[in-house]
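Reader: I'd like a close look at one part of this protein, the side-chain contacts around its aromatic rings and charges. Here's what I have in front of me.

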Amino acid sequence: MVRSRPRVWLVAGCAAVLLWASVAQLVAVGRLLLLFGLAGDAVSSPPPTALPPPRIYKSNGYLKISCNGGLNQMRSEICDMVAVARLLNLTMVVPELDKRSFWADQSNFGDIFDVKHFIDSLRDEVHIIEQLPEKLGPRDSDIIILEMSPVSWSDEKYYLHQILPLFSKYSVIHFNKTDARLANNGISTEIQLLRCRVNFHALKFTPQIEGLGNELVHKLRAKGSFVALHLRYEMDMLAFSGCNHGLSPEEAEELKKMRYAYPWWRDKEIDSQAKRLQGLCPLTPEEASLVLKALGFQKDALIYIAAGEIYGGDRRLEPLRAAFPNLHIWRHLFPHVLNQIRCISSVEYF
C-alpha cells in the first residue's frame, strides 16, 4: 500500500494537468468562435469600447482657458492647452469658446463638441472637469484666480519654468487668450502625439452637428464628385493679415481702418508686399485657380466655395469662375441647412 501511493499521486497530477489543458483549449476555441463570428447571437453586437484607465497623478492646480478666434483656431488652441495641462500635471476645466470675435458666435463648447467624449477619451492623460469646484468659485474671497495670456510660441521650458511655479501662489490660472501660445516645432514627440490625439479623436462633434454634416455631404455627393474650397478671402482675414495685393487704394484703406478698430490685433503697420513675399498672405481667387490647375483639376470640375462673403464679391471671383465655370457658392445652395450649421471650415476632397 505504501508503494502504491506515489502512483496515485502521479495519476491524480496527470489528470489535473489534462483537465487544465482541456479547459484552456475550450476557452481558446470559444475566443476563436467569437472572433470569427461563429458563435451565433452571442456576437451580434460588439461590446462597448472600454474607457482608458485614468491617469493617477497629484494635480498641481486648475487650468482654465478661454479660446479666441474662429473654430479652426480655437480647435488648435484646445490641442495646445491639453498638452500644457498634461505637461504640468494640472486639472483642466472644459474650455470656454470665443464669443467676441468677428463672427460673434455664441456657442459654448458643449454646443459644438461632445463633452463626455472629450473628458472620457483623455482620462489617461489629463483630469478634465466641466467646471471649477464650488470651493474655488468667485464667492470664496480667499481664492485668487490669476488671469494672464501666455507668451506666444513658447516651448515646454517656458511652461515648466515660468508657469508651473505660479501654482505655488495661485490655485487657479486662467489663460484668457490661447492662440499660438505653444510652439509648433522643437517640442517633444510625446507632446506632438497628444496634440494629434486631441484633434483627431477627443474633439468629436455633437451627434446633431455630425448628422447635419452628413446630410450636407450626402446632398453634395448626389451631384457627383466635387471640391469644397475655403478661400479664406473674407474682409476680416485680409484686414488681419494686412494683405492688399490686387486691391484698389480705397479697398486697402478700408481694410487698414478695420485692422485699427480691433485692439487685440497685434500688428498695425504692415508691409503688405513684404508679407506676401514671405508667403503669409491668403491666396487670391486667381492664385487659387492656378493651384487647382496644378493639382490636375479639369475645367469642368464641380467646385463649391465654402467661405464667408468674398471681399470684392463676384468681381474678385471672376478669374476663378473663368477657369472653372462649374463653380457654386455653397451657402446659396442650401440655406435651410446652413442656417443650422454653427461652423464649417476646412478644405475637403471627395
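Which residues form one aromatic cluster? Start there, then walk me outward to the charged contacts.

Author: Sure thing, and keep in mind that this is a predicted model. The cluster you're asking about is made up of Phe109, Phe113, Phe118 and Phe205. Across the whole structure, the search turns up six aromatic pairs. One of them sits inside your cluster: Phe113 and Phe205 are stacked, with 5.6 Å from centre to centre and 10° between the planes. Phe113 belongs to the loop between helix 3 (109-112) and helix 4, while Phe205 is in the loop between helix 6 and helix 7 (207-221), so this pair ties together parts that are 92 residues apart in sequence.

The two partners don't have matching surroundings. Phe113 is buried, because its relative accessible area is 2% and the cut-off for buried is under 20%. Phe205 comes out at 26%, so it counts as partly exposed. Phe205 also has a charged visitor: Arg75 lies over the face of its ring, 5.5 Å from the ring centre. You'll find another contact of this kind at Tyr57, where the charged end of Arg55 sits over the ring, 4.3 Å from the centre.

For another aromatic pair, try Tyr159 and Phe175. The ring centres are 6.4 Å apart and the planes make an angle of 55°, so this pair is tilted. Here, too, distant parts of the chain are linked: Tyr159 is in helix 5 (residues 156-163) and Phe175 in strand 5 (residues 172-175), 16 residues apart. Both Tyr159 and Phe175 are buried.

Now for the salt bridges, of which the count is twelve. Helix 4 (residues 115-121) holds both ends of one, Asp120 and Lys116, which are four residues apart, about one turn of the helix. Their side chains meet at 2.7 Å, N to O. Asp120 is at 16% relative accessibility and counts as buried, whereas Lys116 is at 59% and counts as exposed.

Just past that helix, things reach further along the chain. Glu125 and Arg197 meet in a salt bridge with an N to O distance of 3.5 Å. Glu125 is in the loop between helix 4 and strand 3 (127-129), and Arg197 is in helix 6 (residues 189-202), so to speak a link between distant parts of the chain, 72 residues apart. Glu125 is buried, at 18% relative accessible area, and Arg197 is partly exposed, at 24%.

One more bridge to look at is the one between Arg276 and Glu287, whose closest N and O atoms are 2.3 Å apart. It joins helix 10 (residues 272-277), home of Arg276, to helix 11 (residues 285-294), where Glu287 is found, with their positions eleven residues apart in the numbering. Arg276 is partly exposed, with a relative accessible area of 29%, and Glu287 is buried, at 18%.

To finish, go back to Glu125 and Arg197. They belong to one network, in which salt bridges that share partners join them with Arg86, Asp124 and Glu190.

Methods: Residues are numbered from 1 along each chain as its sequence is written. This is a predicted model: local features need pLDDT of at least 70, side-chain atom pairs count only at pLDDT 80 or more; totals for chains, interfaces and linings use all residues. Side-chain values use heavy atoms; hydrogens and water are left out. A salt bridge is a side-chain nitrogen of Lys or Arg within 4 Å of a carboxyl oxygen of Asp or Glu. Helices (H or I, at least four residues) and strands (E, at least two) are DSSP runs, numbered from the N terminus. Buried means under 20% relative accessible area, exposed over 50%, partly exposed in between (1.4 Å probe, protein chains only). Rings of Phe, Tyr and Trp (its six-membered ring) pair if their centres lie within 6.5 Å; planes under 30 degrees apart count as stacked, over 60 as edge-to-face and the rest as tilted. A charge sits over a ring if NZ of Lys or CZ of Arg is within 6 Å of the ring centre and within 35 degrees of the ring normal.
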